[in-house]
Amino acid sequence: MDSTAERLQELIRIVGAKSVSAFAVSIGVRSTVLANMLGGRMSKPSFDTLEKIKAQYPQVDLEWLVMGKGQPLKAATAYSLPAQPVPGASEPDIKLLGKPELTDKTSPQAALAECQKELTAWKEKAETYRQLAEDRQTIIELMKKAAR
């Protein structure tokens with residue numbers, strides 16, 4: 001693939017979007033943004049667009065998309081393509097940690113299990129934010145390389 005526009009078109013095909021507009025909706029950008037890139041009016045995706053692609057499709061290798069190096073999808077990844085894009089999907093609510101309330105019907109084992117469940121949820125959320133920070137740093141580095 002020679003250009004970013006060609007790689008973007010290939011990515012749209014790989015993720016199974018039915019159209020450019022459908023892909024734009026899935027990542028939360030206006031279809032005109034992608035149309036400008038595909039039509040040659042914009043040569044590279046913006047930081048915001050890259051961030052949105054990465055958020056919806058974490059398995060995409062942004063270095064491939066921006067620089068043409070490597071493969072479209074990360075090799076040994078735990079991610080899978082979503083069955084259907086879910087624009088506007090929200091995170092599950094996680095209540096604040098605190099001392100579990102014990103009632104006569106609540107055993108200490110049940111309270112411990114609830115705390116462990118909350119801890120697991122917080123660890124997963126922390127890992128998600130760690131990955132997001134790492135992805136953002138990757139995007140920044142790629143944008144710097146592309147600007148040279």
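**An all-helical predicted chain and its nonpolar core**

The accessible surface of the chain comes to about 9,900 Å², of which carbon and sulfur atoms hold 55% (Shrake-Rupley method, 1.4 Å probe). The model is predicted, so to speak of local features requires pLDDT of at least 70, side-chain atom pairs count only at pLDDT 80 or more, and totals for chains, interfaces and linings use all residues. Residues are numbered from 1 along each chain as its sequence is written, and side-chain values use heavy atoms, with hydrogens and water left out.

The secondary structure consists of 6 helices and 0 strands (DSSP runs of H or I with at least four residues, and of E with at least two, numbered from the N terminus). Of the 148 residues, 26% are buried (under 20% relative accessible area, 1.4 Å probe, protein chains only).

The largest nonpolar core (buried Ala, Val, Leu, Ile, Met, Phe, Trp, Tyr and Cys residues joined through side-chain atoms within 4.5 Å) has 20 residues. Those with the most contacts inside this core are Leu 8, Leu 11, Phe 23, Ile 53, Leu 62 and Leu 65. Each of the helices H1 (4-14), H2 (20-27), H3 (31-38), H4 (47-56), H5 (62-67) and H6 (108-147) supplies at least two core residues, and H5 gives the most, with 4.

Phe 23 is a handy place to start exploring. Leaving aside residues up to four places away in sequence, Phe 23 touches Leu 8, Leu 11, Ile 12, Val 15, Ala 17, Leu 34, Ile 53 and Tyr 57 (heavy atoms within 4.5 Å).

Methods:
Buried < 20%, exposed > 50% of the residue type's maximum accessible area, 1.4 Å probe, protein only.
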